[in-house]
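Student: Could you take me through the nonpolar core of this one, and show me how the rest of the chain sits around it?

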Amino acid sequence: MASLVPFLRAADARASAGWWARLGFEVEWEHRFAPELPLFLALRRGDDLLFLSEHRGDAGPHTLLYLYVDDADAIAAEFGASTADTPWGTREVELRDPDGNRVRVGERV
């Protein structure tokens, strides 16, 4: 099986994981070389895997991810946002995680 796993930079990986939990992601595992060193978390949502890293060199700021869901309106409501229909056949909402990464959440309509 092959898969692609994006890395996102997180200033506080635990706080970011809490934000991502609102999108259905759960912490699968974590790693820290020593108590005073940066934290690395792996989050899972079904078959989707996402890495949150406090290590400065792992990812740049303000990445854009696209997340397909079954109900974009429910996700938008969870975050106090609204959806919009696109010309390419999706209903979308764009969110920002605590670190400024953009997450475009879309539902095929």
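**A close look at the core**

Tutor: Sure. The chain has 2 helices and 8 strands, and keep in mind that this is a predicted model. Reading from the N terminus, the elements go β-α-β-β-β-β-α-β-β-β. With a radius of gyration of 15 Å, close to the 13 Å from the globule rule for 109 residues, the chain is as compact as a globular protein of that length.

Now for the core itself. The largest nonpolar core holds 24 residues, and the ones with the most contacts inside it are Trp 20, Leu 23, Leu 43, Leu 50, Leu 52, Leu 95 and Val 105. Two or more residues each come from helix 1 (13-21), strand 3 (40-45), strand 4 (48-53), strand 5 (64-68), helix 2 (72-78), strand 7 (90-96) and strand 8 (102-108). Helix 1 is the top contributor, giving 4 residues.

Let's zoom in on Leu 43. Leaving out residues up to four places away in sequence, Leu 43 touches Ala 17, Trp 20, Phe 25, Glu 26, Val 27, Glu 28, Asp 48, Leu 49, Leu 50 and Leu 52. Among those partners, Trp 20, Leu 50 and Leu 52 are also on the list of residues with the most contacts inside the core.

Zooming back out, 39% of the chain's 109 residues count as buried. Among contacts with a separation of 6 or more, 50% join residues 24 or more positions apart. As for the outside, the accessible surface is about 6,500 Å², with 51% of it belonging to carbon and sulfur atoms.

Definitions and conventions:
Residues are numbered from 1 along each chain as its sequence is written. This is a predicted model: local features need pLDDT of at least 70, side-chain atom pairs count only at pLDDT 80 or more; totals for chains, interfaces and linings use all residues. Side-chain values use heavy atoms; hydrogens and water are left out. The radius of gyration is taken over C-alpha atoms; the globule rule is 2.2 Å times the number of residues to the power 0.38. Buried means under 20% relative accessible area, exposed over 50%, partly exposed in between (1.4 Å probe, protein chains only). Contact means heavy atoms within 4.5 Å. Accessible areas come from the Shrake-Rupley method with a 1.4 Å probe; for residues, only the protein chains shown count as cover. A nonpolar core is a set of buried Ala, Val, Leu, Ile, Met, Phe, Trp, Tyr and Cys residues joined through side-chain atoms within 4.5 Å.
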